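Biologist: I should like a close look at one part of this model, namely the surroundings of the ligand. Please set that part within the chain as a whole.

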Amino acid sequence: MSGQHLLTNEFHVPRRMKAWVLGGPDEIFLVDKPVPQPGAAEVLVRIDAVAVCATDLEILRHGVPAMVEGGLPFHKNFTFGHEYMGTVVQLGPAVDEFGVGDRVTVEVHAGCGRCERCRRGMYTSCLNYGEVAKGHRANGFTTDGGFAEYAVNHVNTLVHVPDDMSDEEATLVVTAGTSLYGLDVLGGLIAGEGVAVIGPGAIGLLGVAVAKALGADPVILTGTRGKRLELGKRLGADHVINARQENPVAAVRRITGGGGVHFVLECSGAPTALDEAAQMVNRGGRICLAAFPQAPVPVDLAHLVRNNIYVFGIRGEGQRATHRAMALMKQKRFDARLIHTHTFALDELPTALKYARERIADAIKVVVKAAP
Ligand SMILES: [Zn+2]
Ligand SMILES: [Zn+2]
């Protein structure tokens with residue numbers, strides 16, 4: 001298919017484009033910017049859809065975790081947004097991994113490829129994070145992202161999208177990839193083992209879906225919002241625990257006959273979550289932290305040590321997890337579309353961000369599209 005497209009020039013690429021940029025905190029502007037040019041190992045993507053992530057709301061208000069030119073991303077003509085998909089419209093020199101016309105979705109991190117972490121395959125932990133001149137890219141964090149008409153992507157950050165997958169669903173691959181990477185760092189042997197997921201946000205809900213797709217048994221989701229927990233059931237949770245009604249630690253113990261689970265995926269960022277997770281796992285169990293609390297939290301470290309409990313932190317979606325997440329979604333092992341709730345036009349980004357932040361009309365994943 002891509003070979004066919006290579007011979008044609010069916011996409012007119014303009015010189016200028018519309019793009020949202022950050023002003024100061026909680027301030028964005030729709031501006032006119034040059035369309036970026038793809039370099040070696042890069043392609044130009046026409047952005048067809050982009051999902052709003054909780055991290056975008058964080059960047060909008062506080063700047064971090066985005067980092068542009070070594071500092072906060074404000075007033076730098078910086079375009080945020082990192083959960084996007086689109087169509088390849090132009091190829092950099094010697095690119096043959098993708099063709100013009102291919103539908104693609106993206107992962108965030110292109111490591112520098114030259115530091116020790118990148119060389120070991122840990123490109124989301126690149127030691128040259130933010131150093132554009134050294135080749136590092138994290139679109140929407142350190143380099144221009146997806147709330148725009150076009151973006152340049154390294155070929156390593158792209159995944160093909162099957163014809164029968166909608167644009168909206170394809171934007172969710174990076175979220176599912178993050179959940180999957182969380183399970184990867186826990187050791188990956190998930191089938192037949194108990195997994196508890198704390199926090200039914202987007203990553204937690206897809207964490208449930210991915211754990212179930214990989215054969216985890218049982219999958220237990222804990223949280224405080226009834227509707228989200230119901231959604232968790234539809235995504236594959238065997239048990240959901242409303243922490244307002246039952247102590248989640250006691251519930252996990254009850255469900256597992258007192259034994260606890262092997263793995264916990266912590267997606268809430270709640271200050272008590274690590275201590276709770278440590279009580280949910282069995283001896284030698286493993287905990288992955290995929291959300292961050294707003295402030296330092298006291299933890300019962302002695303319990304972790306006495307029980308040989310492993311704690312991992314993850315950032316992003318490493319080890320090509322987006323490719324594996326896409327494989328599961330393509331095979332319809334779970335229906336990620338359940339967490340997509342709203343779609344707006346690119347021009348309406350402020351409204352989309354408001355829906356996501358205030359969870360208006362039970363918003364979970366809010367998507368903006370160039371032409372909805
Ligand atoms: Zn995100
Ligand atoms: Zn690197």
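Modeller: The radius of gyration is computed over C-alpha atoms, and the rule for a globule is 2.2 Å times the number of residues to the power 0.38. The model is predicted: local features need pLDDT of at least 70 and side-chain atom pairs pLDDT 80 or more, whereas totals for chains, interfaces and linings use all residues. Residues are numbered from 1 along each chain as written, chains are lettered from A and ligands numbered from 1 in written order, and side-chain values use heavy atoms, without hydrogens or water.

For 372 residues the rule gives a radius near 21 Å for a compact globule, and the 20 Å of the protein chain agrees with this. The chain has 12 helices and 17 strands, taken as DSSP runs (H or I, at least four residues; E, at least two) numbered from the N terminus. Of its residues, 54% are buried, meaning under 20% relative accessible area with a 1.4 Å probe, protein chains only.

The zinc ion (ligand 1) has as protein donors Cys53 (SG), His82 (NE2) and Glu83 (OE), at 2.0 to 2.3 Å. Donors are N, O and S atoms within 2.8 Å of the metal (3.2 Å for Na, K and Ca); water is not among the atoms, so a site may look incomplete. The spacing of the donor residues in sequence is C-x28-H-E. Cys53 sits in the loop between strand 3 (42–51) and helix 2 (54–62), and Glu83 belongs to strand 4 (residues 83–91), so the pair ties together parts 30 residues apart in sequence. Cys53 counts as buried because its relative accessibility is 11%; Glu83 is buried too, at 5%.

Note on methods
Buried < 20%, exposed > 50% of the residue type's maximum accessible area, 1.4 Å probe, protein only.
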